[in-house]
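Dear colleague,

I am handing over the structure we spoke about, and I would ask you to open it and keep it beside you while you read. My notes on what was found in it follow directly below.

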Amino acid sequence: MATPSLSEVGGSLLEKAAGSSLSLLLAALALGLGFLLQVGSRNRRQPDSGQEKYPPYISSNIPFFGHAIAFGKSPIEFLENAYEKYGPVFSFTMVGKKFTYLLGSDAAALLFNSKNEDLNAEDVYSRLTTPVFGKGVAYDVPHPVFLEQKKMLKSGLNIAQFKNHVPIIEKETKEYFKTWGESGERNLFEALSELIILTASHCLHGKEIRSILNEKVAQLYADLDGGFTHAAWLLPHWLPLPSFRRRDRAHQKIKAIFYKIIQKRRQSLKIEDDMLQMLLDVTYKDGRNLTDDEIAGLLIGLLLAGQHTSSTTSAWLGFFLAREKSLQEQCYREQKAVRGEDFPPLHYDQLKEMSFLDSCLKETLRLRPPIMTMMRMAKTPQTVAGYTIPPGHQVCVSPTVNHRLKDCWVENVSFKPSRYLQDNPVAAGEKFAYIPFGAGRHRCIGENFAYVQIKTIWSTLLHLYEFDLVDGYFPTINYATMIHTPNNPVIRYKSRSHSAAFFS
Ligand code: HEM
C-alpha cells in the first residue's frame, strides 16, 4: 500500500475535524496556521466614533475564535439569546471575522433591499461555489451577468415544464422505493438525497445526462458536493486537502461528461423541449450565446442548489408527519380525495389541489429552513435601527430565527400547518418573517420546482407507506453540516394495502 504524503495526512486530519464538528475544525485551523499571534487586538470592543453608533458588540474573552465555539454548538440558541439581550441588530467575532446579524422583519429589510455593490454576495459565497460550479457563472461573474443567467434559468422553470416533470418524478420515486419492501426501518434522509439527485438530474439536465447517472457519476457528484463544507468556506482554497482535490477532480470529470452531451445535442436535428435545449438556444442581452463551459457550470449549479435544500426539507417533512400521525392521516385522506381511491397517474394540476400537503411543506420550511443564514459582505457603511455597520462586516439574516420569533408567530415552535389555512399566519406587516427562499435580488429561482418535486415525491410516498418514528425518536438537528440535517434520520415504514398494485 502506498504511504500517504505528509500533506495528505495533515489534510485528512483537518478534514476529520471538519467532519466531526465546527469547533474542532476551528481549533485545527488556528493551531495549524499559527494565526493566534496576531489576534489580541482584533477582539476588542468596537470603538464608537464621534457620530457613528455601532451595533451592540457581544464581547468574548476568547481571542480570535470569539464566539465560534458557542455559535457552532447551537447557533439558534446563541442568536435567540442575543436577540433577547441586545435587540434585533448586534455584532460579534468568529475566527477573526466580524458578523452583524439583522434579526426580525424590519432589520432584515436592509439586506433584502440593498444593492449588491453595498452588501455583496460574491465576497462571501464565491470561495464555496466557484470551485464547484466553475468559472464564468453565478458568483464568479459580475452581478448583472449572474442576474441574466438567473433569468435564463428561471425561464426554463415554467408550468409547461413542471407538467412534464410530475410523471418523471412519480416514476423515479416508485422505481427507487421498490427496493424498500413491505416494511422496515431505513435512513430516510439518505434515500431522499439519492432520489432527489435522480429526479433533479432527469428534470433539469435532461434524459441523456440522467441515462448516464450510474454509481460512478453519483460518486463524482458526491465528491463535488464535498466542496460545500465549513472547511471550504474557512480554509484557504490552495490547501492540499484530499476533499479539495477530490472536488477539483470531480469538477473536471463532470464537465468533460457534460461537454460531450452538449456537443451531441448541438449536432442533433431534433429540438427537445427541456432546460438543456433552452440553455443552448438562449442569448445574453448583447446577443451572445452561452458557451459550453457556462452551460455545464449552470447545470451543475442547478443540480446542487436544490440538492441539500430539497432533500433535507423532504426528510424533515417525513419526520414531522411520522411524529403527528393525525396530520399524516389528514394528508392521506387529502391524497385519496384529490387523486381517487385507485391512484391513477399524478398530474401537475392535482398538486395545486393538495392544500394540506402544501401547508405541511410550508410549515416544515418554517421550522427547518435549510439555509439557516444568508450572508453579505458590507462594502460601504450601512445604517439600520439607528446603528452604522462598518465596511468589512459580514451582514447576516437568519430565516431560522425570523421563522420562530415570538412577536411574529403564534405557538412559534409548534408544527401547525393549519396556520396557513387562516388569513394571517404571520403578524400583520411582517414582510420578512417568512423567508425560506430569501427575498430581493438574490431570491431563489427554484421555489416552484422544489414544491413540485417535494409534493410529487410525498404524494407518492403517502400512497405507498404509513410512517412512524422509531421508538418515538424525532431527529435532533445536526449543526455540524452547513445545511442543518436530521441526526440519525431512520424512519419506520409499512406498506399500505394497495401499494403492490401501485408499484406495478
Ligand atoms: C427547498 C428548496 C430550496 C430552498 C429552501 C432554497 C433556498 C434559497 C435561498 C434562501 C436563497 C437565497 C440565498 C441568499 O439570499 O443568500 C436561494 C437562492 C437561489 N436558489 Fe434556492 N432554494 C431551494 C431550491 C432551489 C432549487 C431547486 C434551485 C434550482 C433549480 C435553486 C436555485 C437557486 C438560485 C439560482 C439562487 C440565487 C442565488 C443568488 O441570486 O444569489 N434553489 N435559494
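**What was found**

Asn488 lies in the loop that connects strand S12 (485-486) with S13. Please keep in mind throughout that this is a predicted model. Although Asn488 is not a glycine, its phi is positive, at about 45°. A positive phi, of about 55°, also belongs to Ala138, which is not a glycine either, and Ala138 is placed in the loop between helix H6 (122-133) and helix H7 (143-155). With a relative accessibility of 8%, Ala138 counts as buried, because the limit for that word is under 20% relative accessible area.

**The sheet and two helices across it**

Strand S13 brings us to an open sheet of 3 strands, in which the order is S5-S13-S10 and the pairing is antiparallel. Because strand S5 (183-187) and strand S10 (465-469) each have a single partner strand, they stand at the edges, and one side of each is left without a neighbour in the sheet. If you look at how the neighbouring strands of this sheet are set against each other, you will find that they are turned by 30° on average, with direction ignored.

S5 and strand S13 (residues 490-495) run antiparallel and are joined by 5 bridges, and if you would like one pair to look for, Glu185 has Arg492 in S13 as its bridge partner. Two helices lie across strands of this sheet: helix H9 (residues 188-205) lies across S5 and S13 and runs at about 75° to S5, while helix H20 (residues 447-464) lies across S10 and S13 and runs at about 90° to S10.

**The iron atom and the loop before H20**

Which protein atom serves as donor to the iron atom of the ligand? The single donor from the protein is the SG atom of Cys444, at 2.3 Å from the iron. Cys444 is found in the loop between helix H19 (399-402) and H20, and with a relative accessible area of 33% it is partly exposed. In the UniProt record, which is an unreviewed entry, the annotation "binding site" covers Cys444.

The loop between H19 and H20 also holds His403. Is His403 buried or exposed? At 0% relative accessibility, His403 counts as buried. When residues up to four places away in sequence are not counted, the residues that His403 touches include Leu365, Arg366, Trp409, Asn412 and Tyr434.

**Glu80 and a partner far along the chain**

Glu80 sits in helix H4 (residues 75-86) and is partly exposed, with a relative accessible area of 23%. Leaving aside residues up to four places away in sequence, Glu80 touches Val401 and Arg404. Val401 is 321 residues apart from Glu80 along the chain, and yet the C-alpha atoms of the two are separated by 6.9 Å.

**A check on helix H13**

Finally, you may like to follow a small piece of reasoning on helix H13 (residues 242-267), whose 26 residues, at 1.5 Å a residue, should span 38 Å. The C-alpha atoms at the ends of helix H13 are 38 Å apart, which agrees with that expectation. Among the buried residues of H13 are Phe244, Arg247, His251, Phe258 and Arg265.

With best wishes

Terms used: Residues numbered from 1 in each chain as written. Predicted model: local features only at pLDDT ≥ 70, side-chain atom pairs only at ≥ 80, totals over all residues. Heavy atoms only, no water. Pairing = 2+ DSSP bridges. Helix = DSSP H or I, 4+ residues; strand = E, 2+ residues; numbered from the N terminus. Axes fitted to C-alpha atoms, helices over the stretch in contact; angles between N-to-C directions. Contact = heavy atoms within 4.5 Å. Donors = N, O, S within 2.8 Å, 3.2 Å for Na, K, Ca; no water. Expected span 1.5 Å × (residues − 1). Buried < 20%, exposed > 50% of the residue type's maximum accessible area, 1.4 Å probe, protein only. UniProt positions renumbered as here; feature names shortened; annotations may be inferred.
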